[in-house]
Amino acid sequence: MSSFFAGFRFEIKILLREPIVWFTIITLFSLTLFSLYNGAVRVKIQQDILSAAQGDASKRIDGQKNLLARLEKGDVHEDLPPYRDPRNAVFVGSNGGQAAFLKPEPLALVAVGLSDIFPQLLKVTTASKDTFLFSDEIENPSNLLSGSIDLAFVIVFVLPIVILALCFNLISSEREQGTLAMTLAAAHRPLALIFGKIIARALLPILTIIVTTAVGLFIFSDKYTPVMTDCLLLCASILLYSSFWVVLAAAIDGLGKNSAFNALTLLGVWVIITILTPAGINALAGYIYPAPSRIDMTLAARAASTDADKEKDAVFARYKEEHPEAKRDRSKEASLRRLASQEAAFIQVEGIIKQHDLQLEHQQEFTKKLDFLSPALLTYQAIVEIAGTGTTRYRGFLDDINSFHIKWRDFFLARAKTGASLTIDDYNSLPKFVSLTHEPINIFRPLLGVFIPTMFAVIIAFIGLKRCAP
Amino acid sequence: MSQLVLNSNLIKSNSARRSNILSAIITKELREMYRDRRLVALSLFIVILSLAAILFGFTENSRLARERVAAAKADQLLWTGQGAKNPHAAAHFGQYAFKPVSPLSFIDPGVNPYVGTSVWLEAHKQNETQFRSARDKGLAGRLGGLSAAYILQTIAPLLILLVSFMSFTGERENGTLRQLLSLGVKPAELLIGKALSFNILILVLIFPLVAFSAIAIASFNNTINFSLSDQLVRLIIMALGYCLYLTGFAFLGLGFSAISKNSRAALISLLAFWLINSFLAPRLITDIARSYAPTPTALEFRSAIAQDKAKTFGHDETHPAFVLFRNEILKKYNVARIEDLPVNFRGLQLHRDDEAGYQIFDKHFSALQESFNRQDWLRTAPGFLFPILAITPFSMAFAGTDSLAQYDFTLTAEAHRRNIQNEVSDNIINFAHNDSYVSGPELWKRIASFSYRSPSIYFALDHSLEAIFMLLSWVAVTIIFALLSVRNLRPI
């Protein structure tokens with residue numbers, strides 16, 4: 001153990017004397033803090049959007065209730081068209097709608113994930129899903145293309161670079177300076193000494209990011225308390241991912257080549273693992289399993305509603321023929337027509353969305369088969385899952401929307417189909433959106449995916465460093 | 001260097017001497033590059049990867065183009081097959097406008113995954129475009145897509161820096177720099193010779209991509225929405241832009257190599273710059289741009305429109321604006337009752353309401369685009385220092401995949417929507433004599449389906465002046481830096 005500590009102590013002393021090390025660590029520190037600040041701003045905007053939407057919805061419902069009260073009292077003398085009538089279950093259900101929302105999780109500030117392309121708020125109506133499921137939050141598309149600096153980015157892209165910059169020439173530089181022989185000779189157990197040196201170099205950036213993250217979360221997440229287990233999972237992900245890069249650097253260094261070789265090889269590996277592999281997997285998945293055509297869904301909905309419209313026209317015409325004396329109730333006809341076209345579209349769209357989900361599932365399954373090729377992608381997945389801005393959370397949100405859509409439709413259609421008018425009691429008992437699906441964070445798979453290559457690299461590094469010679 | 005020594009004996013005139021030196025330097029550099037197996041492998045890797053990306057992009061484009069053409073046809077059938085109905089009800093049913101796939105998006109998809117592909121043209125409302133494909137790409141898509149543009153913007157500079165970082169330090173470390181300078185070769189000549197040889201490498205990288213892309217464009221065969229010659233010129237300008245972008249890296253590498261103590265220091269500085277340029281700068285400046293020119297949230301945007309729309313009467317006949325309008329019309333036609341009007345009042349009402357709506361939508365949608373433009377302007381501004389900020393908007397603009405190209409599409413689609421609204425309202429004004437008035441397929445057929453002609457290259461040029469200026473400044477800055485760096489070149 002004494003060799004290990006000796007190596008560790010001396011390496012720390014050397015490191016702290018190098019200005020470039022200080023510069024790297026300060027950069028990492030500032031970026032980590034900035035990313036969390038950025039995250040806090042982002043989450044604040046998301047929370048503001050949610051509360052504004054809730055305020056907007058209750059204002060709208062209150063307006064409807066007031067109009068209804070005035071109608072019931074007989075204060076309104078004009079004939080309201082069906083689409084403005086608060087008693088009309090067909091139009092209130094399809095035009096009004098209720099917001100389904102996804103609240104930011106305690107660690108949402110850690111990763112943007114899918115939160116910038118998936119809206120966290122959708123207005124669910126009785127109409128088919130194509131009319132509300134695909135609405136988007138406003139954002140400059142060039143901003144979405146560039147991305148943002150979040151902690152996930154700092155961990156996945158920047159941290160490995162800092163680790164590699166500190167660890168790439170641990171042995172090779174000593175060999176080049178001619179001090180390796182002396183260093184190895186000085187220790188009782190040379191391997192322990194080398195480990196001590198490696199740990200010293202690796203610990204500096206890892207501790208920096210973990211401590212800064214803890215401080216940053218403490219400062220910036222004032223409105224909500226991060227959950228301890230989530231923080232520990234984040235810490236575990238950082239540690240594992242960092243270990244992968246440290247061990248990889250040691251393995252390459254252990255090959256006994258010069259520093260330039262180490263630097264270029266590690267840079268190449270970094271480019272392949274963090275940039276090219278995720279992009280390649282993405283391109284391949286899109287090529288083999290093309291994304292579904294959402295346009296088809298819209299067209300099917302339009303075709304179904306036109307057919308239903310025509311059918312209703314024929315029914316009304318026939319009724320007129322058979323009852324020439326009856327006065328046409330245009331308001332009722334408009335409601336029945338809307339109901340018929342909406343329901344026809346609903347059936348079509350539900351079927352198509354199921355098909356699309358299946359297509360996307362195939363694509364995701366394919367990505368899952370390949371993502372173990374990139375520990376960067378796996379770690380990104382893990383962090384995004386912890387932040388609650390990943391695939392699992394959005395899938396859960398879509399499931400919640402699905403059940404709420406059914407509830408909302410049942411409520412209004414039960415009244416619309418019997419022609420019953422909506423009452424104040426109905427307005428007071430409108431279905432409310434609740435988030436039911438809350439799967440616990442499961443990042444075992446991505447972490448295992450990082451752990452396995454790390455172990456391989458450990459073996460190679462161990463063999464290489466054991467043979468380490470001046 | 002033996003060639004140089006021989007050549008120096010044959011010098012006749014000054015310019016001949018200079019060209020001899022340059023050609024000797026270029027030949028030597030190219031030979032060295034060719035002999036470096038790792039370099040050849042990396043260049044080949046970049047070219048093959050880019051070609052594969054182009055192929056993927058081209059296949060995807062062709063599929064999307066087929067899908068959208070079929071969708072446009074299907075929507076046209078739905079529109080004309082509506083049967084007899086009130087023209088305003090038909091306007092509510094509306095049409096769909098599908099954005100044609102820009103041929104050059106197989107090189108640079110730009111913002112395409114983050115913008116909608118179709119827009120519903122319905123009565124009373126200018127809708128936003130729908131279906132951002134990024135939503136269906138999942139998490140892996142957020143780490144970047146594989147496109148030729150992305151490879152040229154991030155990976156190709158790395159190659160150029162790896163080739164150039166040892167230019168002077170390497171010669172110094174091998175002891176050849178002292179020999180060269182003692183032969184009377186000026187540092188600036190050495191710089192130019194090396195820069196020219198790196199430019200040959202850049203051309204070797206870019207040429208196969210241009211040739212392959214030109215064939216792909218020719219076979220894309222969409223002359224309805226795009227002009228083939230326009231696309232080819234765009235391709236050539238894009239290629240020139242990438243040459244400029246990479247040339248700047250060559251000079252940067254040379255400059256750092258000249259001022260650095262050793263190759264290691266040059267490599268570290270250049271790699272740090274490469275990392276900041278490729279990954280940090282775009283994100284950092286985006287975060288700054290977002291707070292510099294904030295955009296409204298969707299709810300704020302829609303509420304602001306709704307607020308303005310509430311000042312117009314729509315279908316609300318109790319609205320004060322409606323009463324004013326009715327009085328105005330009665331006065332204009334000099335009648336006392338609506339029933340006495342020679343034209344249909346409801347048609348006039350729709351027409352007036354639409355006109356008011358157009359102004360409201362123009363105001364809000366153009367203000368939104370303005371805030372996007374301000375953010376984009378700020379993002380491009382540091383392009384002379386971090387050239388990825390200049391090449392990205394430049395490349396997108398010429399590929400027809402930037403936010404302005406999208407805006408042009410939405411404007412054309414909106415113009416078409418207004419055409420539909422005006423036609424149906426005119427029809428009601430002139431022909432509807434009662435509430436049960438219906439129109440038939442002859443009217444639906446008379447209203448043309450949406451057609452879109454992509455703006456010409458001048459549109460892209462006009463909107464990328466800042467990016468072009470920044471790209472040229474980047475090259476100028478790096479040339480000046482390299483020239484200054486070699487002035488005090490230390491031979492040992």
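This report describes the enclosed cavities of a predicted model and a nonpolar patch on its surface.

Counting those of 30 Å³ or more, the model holds 6 cavities. The largest cavity encloses about 130 Å³ of space, and of the 15 residues that line it, B:Gly400, B:Ala405, B:Tyr452, B:Ser454 and B:Pro455 lie nearest its centre. Two or more residues of this lining come from each of helix H9 (228–259) and helix H17 (457–463) of chain B.

The second largest cavity is lined by B:Ile54, B:Ile107, B:Ala148, B:Leu152, B:Ile206, B:Leu209, B:Val210, B:Ser213, B:Leu235, B:Met238, B:Ala239 and B:Tyr242. In chain B, helix H5 (148–164), helix H8 (187–220) and helix H9 each contribute at least two residues to the lining of this second cavity.

The table sets out the volume and lining classes of these two cavities.

| Cavity | Volume | Nonpolar lining residues | Polar lining residues | Charged lining residues |
|---|---|---|---|---|
| Largest cavity | about 130 Å³ | 8 nonpolar | 4 polar | 3 charged |
| Second largest cavity | about 100 Å³ | 11 nonpolar | 1 polar | no charged |

On the surface, A:Ile199, A:Leu203, A:Leu207, A:Val211, A:Val215, A:Phe218 and A:Ile219 make up a nonpolar patch, whose members together present about 640 Å² of accessible area. One of them, A:Ile199, belongs to helix H8 (residues 190–220) of chain A. The relative accessible area of A:Ile199 is 37%, and this residue is therefore classed as partly exposed, a class that lies between the limits of 20% for buried and 50% for exposed residues.

Methods:
Residues numbered from 1 in each chain as written. Chains lettered and ligands numbered in written order. Predicted model: local features only at pLDDT ≥ 70, side-chain atom pairs only at ≥ 80, totals over all residues. Heavy atoms only, no water. Patch = residues over 30% accessible without salt bridge, like charges linked within 9 Å, V, L, I, M, F, W, Y side chains within 5 Å. Areas by Shrake-Rupley, 256 points an atom, 1.4 Å probe, with all protein chains shown as cover. Salt bridge = Lys/Arg side-chain N within 4 Å of Asp/Glu carboxyl O. Helix = DSSP H or I, 4+ residues; strand = E, 2+ residues; numbered from the N terminus. Buried < 20%, exposed > 50% of the residue type's maximum accessible area, 1.4 Å probe, protein only. 1 Å grid on protein atoms, 1.4 Å probe; cavity = no way out; pocket = protein on both sides within 12 Å on 5 of 7 lines; lining within 4 Å. Points joined across faces, edges and corners; volume = space filled by probe spheres on them. Nonpolar A, V, L, I, M, F, W, Y, C, P; charged D, E, K, R; others polar.
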